[in-house]
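Q: I am new to this structure and would like a close look at one part of it. Could you pick a strand and walk me through its surroundings?

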Amino acid sequence: MHKSSKPFFLGLLLACCLAVACAPKDVKHYPIEAKVISVDLPSKRIVVEHGDIPGLMPAMTMGYTLAVPKEAQGLSLGDKISADLVVTDGLARLEKITLLEKAKPLPNPAPPAKP
Ligand SMILES: [Cu+2]
């Protein structure tokens, strides 16, 4: 009786450990819209001014890690974007960056400086 119940118990324990190891990490997705402040492709960083993100943080200007730096190529100050803010184990990164509106050029550009 006891001889046969031990392997069963070990098997159950192993199954539990595997279940924990295979469980998906706590990943949260927040769709956001933001204004680009600056982009640093080599460092995979982007600084944006975003609105309220319910359940995560209030509106603020902050830097994020770019999941795919190529997505931020060509973005510059003032561009409006939408993106998927993905938070895993307290680390946030931006995915699926989409340009919504290119920043408008200044209505009255400063006159060229005279030599
Ligand atoms: Cu923030």
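A: Here is a tour of strand S2 and the residues around it, starting from the whole and moving inward.

Please keep in mind that this is a predicted model. The protein averages a pLDDT of 85, and 78% of the residues score at least 70. Among the elements, S2 has the highest mean pLDDT, 98, while helix H1 (residues 2-22) has the lowest, 57. Where pLDDT is low, the predicted coordinates should not be read in detail. With that said, let us turn to the strand itself.

First, the setting. The protein has 1 helix and 5 strands, and from the N terminus the elements follow the order α-β-β-β-β-β. The 5 strands close into a barrel, in the order S1-S2-S3-S5-S4, with mixed pairing. From one strand to the next, the twist averages 50°. Strands of a sheet pair through backbone hydrogen bonds, either parallel or antiparallel. In this barrel, S2 pairs with S1 in the antiparallel sense over 6 bridges, and S2 also pairs with S3 in the antiparallel sense over 6 bridges. S3 and S5, by contrast, pair in the parallel sense over 2 bridges.

Now look along S2 and follow its side chains, which alternate. Ile46, Val48 and His50 point to one face and are buried, whereas Arg45, Val47 and Glu49 point to the other face and are not buried.

Next, see who stands across from these residues. On the side of S1, Val39 is opposite Ile46, and Ser38 is opposite Val47. The hairpin of S1 and S2 has 4 residues between the strands, and in this hairpin Lys44 takes a positive phi near 55°. On the side of S3, Arg45 stands opposite Thr65, and the bridge partner of His50 is Met60.

From here we can step into the core. In soluble globular proteins, nonpolar side chains tend to be buried together. The largest nonpolar core here has 14 residues, and Ile46 is among the members that touch the most others, together with Val36, Ala72, Ile81, Ala83 and Leu94. Strands S1 (27-40), S2 (45-50), S3 (60-66), S4 (80-88) and S5 (91-101) each supply at least two residues of this core.

Two residues are good places to pause. Ala72 is in contact with Val39, Leu41, Ile46, Leu66 and Ile97, leaving aside its neighbours within four places in sequence. Leu66, in turn, is found in strand S3. Leu66 counts as buried because 21 other C-beta atoms lie within 10 Å, and the cut-off for a buried residue is 20 or more. With neighbours within four places in sequence left aside, the contacts of Leu66 are Lys44, Arg45, Ile46, Glu71, Ala72, Arg93 and Leu94. Of these, Leu94 is also the bridge partner of Leu66 in S5. Leu66 and Asp40 are 26 residues apart in sequence, and their C-alpha atoms are 9.3 Å apart in space.

Finally, step back to the whole protein. Contacts between residues 24 or more positions apart account for 50% of those with a separation of 6 or more. Buried residues make up 14% of the 115 residues in the protein, and Ile46, Val48 and His50 of S2 are buried.

Terms used: Residues numbered from 1 in each chain as written. Predicted model: local features only at pLDDT ≥ 70, side-chain atom pairs only at ≥ 80, totals over all residues. Core = buried A, V, L, I, M, F, W, Y, C linked by C-beta atoms within 7 Å. Buried ≥ 20, exposed ≤ 12 C-beta atoms within 10 Å, placed from the backbone. Contact = placed C-beta atoms within 7 Å. Pairing = 2+ DSSP bridges. Axes fitted to C-alpha atoms, helices over the stretch in contact; angles between N-to-C directions. pLDDT = per-residue confidence, 0-100.
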